[in-house]
Amino acid sequence: MSTQQPSIAIIGAGLSGLACARILTKAGLKFTLYEAADAVGGRVRSDVVDGFTLDRGFQVLLPSYPEARRVLDYEGLKLRPFYRGADLFYKGKFHRLSDPVNHPSDAVKHSRDPFVSWMDKWRTLVLRTEVLTTRKIERRIPEMETEDYLRDFGFSEEFIDRFFRAFFGGVFLEKDLRTSARMFLFLYSMFSTGGAALPAHGMQAIPDQMAISLPPGCLRLNTPVTSVRAGEITLASGEIIHPDHVIVAVSEEVAASLLPDAFGEKLLPARSTTCLYFTTDLPVPETPTIYLDGDGRGPVNSACVLSKISPLYAPNGQHLISASIIGAPSSEELEGVVRDQMAAWFGESAYLWNHLRSYQIRYALPESRQLRLGEGPLPAVLAPGLYRCGDWCEDASINGALISGRRAAEAVIGATAT
Ligand SMILES: Cc1cc2nc3c(=O)[nH]c(=O)nc-3n(C[C@H](O)[C@H](O)[C@H](O)COP(=O)(O)OP(=O)(O)OC[C@H]3O[C@@H](n4cnc5c(N)ncnc54)[C@H](O)[C@@H]3O)c2cc1C
């Protein structure tokens, strides 16, 4: 029996590749992690611009994600929670929806707001109770679209349009709510149990924390891989490497181009998002919450004063505001239209905000099947010595990416043990 260590290549240092790398490290296996970009994180990256921390697209961690709880050190991330609820802008003013368990006095205070009918309030409570008391509730319903599920559950069209389309449309990056109701229930239970949070120093802290425990020298940044097959990878530099095991940990789109023969799935268009960042030293709303477009007129679906979630997102005395749009509109007037909407929401001072930077993320989430939890994960093994992981193999979330990385690592460990 050979005592020589197998050689292993992981392609992509997003959350799935990092999760895979960490488990291989724990198993005592050596590997090289090839990353095309100049830092780890993939779709979870942040930039520091003029002292402001800008996540590449508005995104949050749901601390209840089971795999994230296993993998991440939340204390080290210094998680800063969002208010448990949302402020919905509808017919000229904000209406606060508060989680009755976490903010009982707010819930009582706003309970007489006729914006939400008593029946919808009651249904919300029933749904909350069901997701909290039923283990893996998402596995117990037939596969259907979220919109149909909400209708069947008895929510009014008004409440679906005003609240669910804005809140979960922002999560799914599609407002038709065609995403699987199973994914919806999974996320609803995650929001209900743990809310949403940001690492104090920005989302990049998540991949940075995962990378810190990797063995020295295993990570090759700025090293795109141009082709892959079992037993062989080619780098953009022309270098050819012959690893015993190759794990492809890239987005669905890149996987389809790197593995045209082994890909197998039909590639659907991805879901996009655009985020405009503004800064100001003028007063901003105090509540660390998410502000939603209840009117549904857009273009901004949600806004957030990030410096109220974590003051470290902005220099002292300054504020950072994100305005998020579903899709990737290309219009020279976009900034002006967004400002008009923000002025309607937060007052004329929005016209004085400084536009710091915009991010247009064409590939933010994979479409369709990867958001259908019911279909189950894609197998990690493509061929002997060839593996895949990534959110598109599991479900399109931080949690899904982490699970898929673990599953690929377990498959490699299993193969090297035989
Ligand atoms: C704007 C936005 C908001 C989001 N919001 C949330 C949220 O609130 N909550 C949530 O749970 N999820 C959210 N997500 C989804 C979540 O970020 C992703 O599901 C997850 O990060 C995907 O990780 P991954 O490892 O599968 O893929 P990726 O992050 O895409 O990682 C793939 C890596 O491979 C590298 N790579 C690509 N090509 C090559 C190559 N040829 N050679 C070498 N390396 C290569 C890439 O540079 C990248 O680092 C959001 C995503 C975006 C973009």
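**Sheets, domains and a ligand shell in a predicted model**

Six strands build an open sheet of mixed pairing, and their order across it is E9-E2-E1-E13-E20-E19. Strands and helices here are DSSP runs numbered from the N terminus, with at least two residues for a strand (E) and at least four for a helix (H or I); two strands pair if DSSP finds at least two bridges between them. Strand E9 (219-220) and strand E19 (381-383) take the edge positions with a single partner strand each, so one side of each has no neighbour in the sheet. Within this sheet, strand E1 (residues 8-11) and strand E13 (residues 245-248) run parallel and are joined by four bridges. One residue pair to look for is Ala9 with its bridge partner in E13, Val246.

A word on how to read the model may help: it is predicted, with local features needing pLDDT of at least 70 and side-chain atom pairs counting only at pLDDT 80 or more, while totals for chains, interfaces and linings use all residues. Residues are numbered from 1 along each chain as its sequence is written, and side-chain values use heavy atoms, with hydrogens and water left out.

Another open sheet is made of three strands in the order E10-E11-E12, with antiparallel pairing. Its edges are strand E10 (225-229) and strand E12 (240-241), each of which pairs on one side only. Strand E11 (residues 232-235) runs antiparallel to E12, and two bridges join them. Here Thr234 has Ile240 of E12 as its bridge partner.

On the scale of the whole chain, the domain assignment gives domain 1 (8-44 + 204-267 + 376-417), domain 2 (46-80 + 270-368) and domain 3 (98-194). These bounds come from an automatic or database domain assignment. The centres of domain 2 and domain 3, taken over C-alpha atoms, are separated by 22 Å. Contact between these two domains involves 19 residues of domain 2 and 20 residues of domain 3, where contact means heavy atoms within 4.5 Å.

The ligand offers a good place to zoom in. It is surrounded by 35 residues, and the closest are Ser16, Glu35, Arg43, Tyr65 and Asp391; a residue is near the ligand if one of its heavy atoms lies within 4 Å of it. Both domain 1 and domain 2 give residues to this shell, so the ligand lies between them. The shell divides into 20 nonpolar, 11 polar and four charged residues. In this grouping, Ala, Val, Leu, Ile, Met, Phe, Trp, Tyr, Cys and Pro count as nonpolar, Asp, Glu, Lys and Arg as charged, and the others, Gly among them, as polar.

Several polar contacts, that is, pairs of N or O atoms within 3.5 Å, can be traced to oxygen atoms of the ligand. A polar backbone atom of Leu15 is 3.2 Å from a ligand oxygen. For Tyr65, a polar side-chain atom lies 2.7 Å from an oxygen of the ligand. A backbone N or O atom of Ile398 lies 2.8 Å from a ligand oxygen. The ligand has 1000 Å² of accessible area on its own, and the protein covers 89% of that area; such areas come from the Shrake-Rupley method with a 1.4 Å probe. Helix H1 (15-26), strand E18 (354-365) and helix H13 (398-417) are the elements that give two or more residues to the shell. The largest share, three residues, comes from E18.

Some loops also reward a closer look. Most residues other than glycine have a negative phi, and most peptide bonds are trans. Lys78, in the loop between helix H3 (74-77) and strand E5 (79-81), has a positive phi, near 50°. Pro299 lies in the loop between strand E15 (290-293) and strand E16 (302-305), and the peptide bond from Gly298 to Pro299 is cis, with omega near 0°.

Key:
Polar contact = N/O pair within 3.5 Å; in protein donor to acceptor, adjacent residues only side chain to side chain.
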